[in-house]
Amino acid sequence: MGEAPVREDRTVTRSAEYVGSFPVDDRCLDDQIEQLHTQLKSLKKCRRRRPVSIKFSIKGVKVYDEDETTLLMAHALRRVSLSTARPIDAQFAFVSHNPGSTDAQLYCHVFQARHARAAQFLNLLLCRCFQLSYIEKHPEEAQEVSAGALPRRNPSLLNHGFPLSVSALVSFRRAPFQGFLPGTKKKNQKSSEDPQSSQDEVFPTSSPSLVRKKAIRTKVLRSGAYRSFTFTPLKQRNVQERLSASQAGKDQDKTPARRSRAPSLAETEEALAQAVWAWAGIATDSSYSLLADDVMGSYLLCPHPKKPKCGSLIIRFPSGLVTHLIENTWKGKLLLEKCKTEFSSIAELIEHFTDVQDELPCLLSCARVNHCYEWEENASKQQAVKPRKSLTKAKMKSTHRKEWV
């Protein structure tokens, strides 16, 4: 679907068809989700639709007519409780209060997209708005990255022209004859501090065969050392240690941490999906805690806690948060831990387990809760503290039934 066009006011506009709305019962979150999907299934054949334009931003959702001239609905983001989609029927929906109403009744607004991917994209946009709004309201929980210099390997004497062995010397540095050719002048000798001069002291200029024999005879080299690529003569090691020490002194200067690039809705469909799945911009500990309060089947894509080089899906199941390792097969495919089906990409894996349960306790859910949702209309005028589960109290289990942090 390409990149989401973002205007100067940081809004993204997409087209869809408005189907209508229905009241949502005051139930627990999981029961509400079940009710929503039951109602959405019954509306998939509804023919009464109106073409509209939907504008998404971290401030809220606005629905205009097809020409974007008449405003039909405007929902502040803090009054939107959750977003969901049923890609199989190209449906997108969100739950909110009526604008400006003090009534506690919630309504689900249903939209019909052109196809499954379009419905999923609308849902991803609103879910990302939830995340960006949370980052804006809780900057202390935003993810930080180090601003230090990129890691560099220690200087190697190979970079300064020092041979690693007599074999290298014979191959790449042919020593001149003793004396000079007629008509040439002897150059000034270099100081002993010059690395090239140190090299000449270790291996005096002579014929290649004499250099090798003399090195072996004086026990600077063992008889087979010239075949090794790890041999380092004493003076070369001294120079290398000095270079390493000076480099270590430069690396001791630490720069303060900085914020990562400000997250935005101006992303491609693939980048937007990755941002939503990984809760990009939110600190890892906060992501775990928010996930524990999200809908059943919600998930977090992140590095595995015990194998940082491997990916994992942390999924909210009825038993708590469960970590599933994403394994790489010898065929170059992806495999979810304890599952048999292989996939070519993360997107394909998530799409499959959203439709097919297989070995998982429940399906993955594309629905997401707005963790900045406010029940009361005037709640923003009061100093409210959002109750959230503590990370230490969240029930977190791995597939091996071991707790991890």
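**Figure 1. Helix 7 and the residue with positive phi that comes after the helix.** W279 follows helix 7 and has a positive phi, near 50°. The model shown here and in the other views is predicted. Within helix 7, the buried residues are E269, L272, A273, A275, V276 and W277. These buried residues pack against three elements: helix 2, strand 10 and helix 9 (346–355). An α-helix has 3.6 residues a turn, so residues three or four places apart point the same way.

**Figure 2. The crossing of helix 2 with helix 7.** Helix 2 spans residues 116–137 and helix 7 spans residues 269–277; their axes come within 9 Å and cross at roughly 50°. Helix 2 is therefore oblique to helix 7, since an angle counts as oblique when it falls outside the ranges for roughly parallel (under 35 degrees), roughly perpendicular (65 to 115) and roughly antiparallel (over 145). The crossing of the two helices is left-handed.

**Figure 3. Residues in the contact of helix 2 with helix 7.** On the side of helix 2, the contact involves R117, F121, L124, L125, C127, R128 and Q131. Their partners in helix 7 are E269, L272, A273, A275, V276 and W277. By class, the residues of this contact divide into nine nonpolar, one polar and three charged. The helix 7 residues E269, L272, A273, A275, V276 and W277 are also the buried residues of that helix.

**Figure 4. Strand 10 and its pairing with strand 11.** Strand 10 covers residues 299–303 and is mostly covered, with four of its five residues buried. Strand 11 (residues 311–317) pairs with strand 10 in the antiparallel sense, over five bridges. In this pairing, P303 stands opposite G311 of strand 11. Strand 10 is also one of the elements against which the buried residues of helix 7 pack.

**Figure 5. E68, a loop residue with positive phi.** E68 is not a glycine, yet its phi is positive, near 60°. The residue sits in the loop between strand 3 (60–65) and strand 4 (71–76). E68 counts as partly exposed because its relative accessibility is 29%, and partly exposed residues fall between the cut-offs of 20% and 50%.

**Figure 6. K338, in the loop between strand 13 and strand 14.** Strand 13 (334–336) and strand 14 (342–343) flank the loop that holds K338. K338 has a positive phi of about 65° although it is not a glycine. Most residues other than glycine have a negative phi. With a relative accessibility of 57%, K338 counts as exposed, because the cut-off for exposed is over 50%.

Note on methods: Residues are numbered from 1 along each chain as its sequence is written. This is a predicted model: local features need pLDDT of at least 70, side-chain atom pairs count only at pLDDT 80 or more; totals for chains, interfaces and linings use all residues. Side-chain values use heavy atoms; hydrogens and water are left out. Buried means under 20% relative accessible area, exposed over 50%, partly exposed in between (1.4 Å probe, protein chains only). Two strands pair if DSSP finds at least two bridges between them. Axes are lines fitted to C-alpha atoms, for helices over the stretch in contact, and angles run from 0 to 180 degrees between N-to-C directions. A crossing is left-handed if the near helix is turned anticlockwise from the far one by less than a right angle, and right-handed if clockwise. Contact means heavy atoms within 4.5 Å. Ala, Val, Leu, Ile, Met, Phe, Trp, Tyr, Cys and Pro count as nonpolar, Asp, Glu, Lys and Arg as charged, and the others, Gly among them, as polar.
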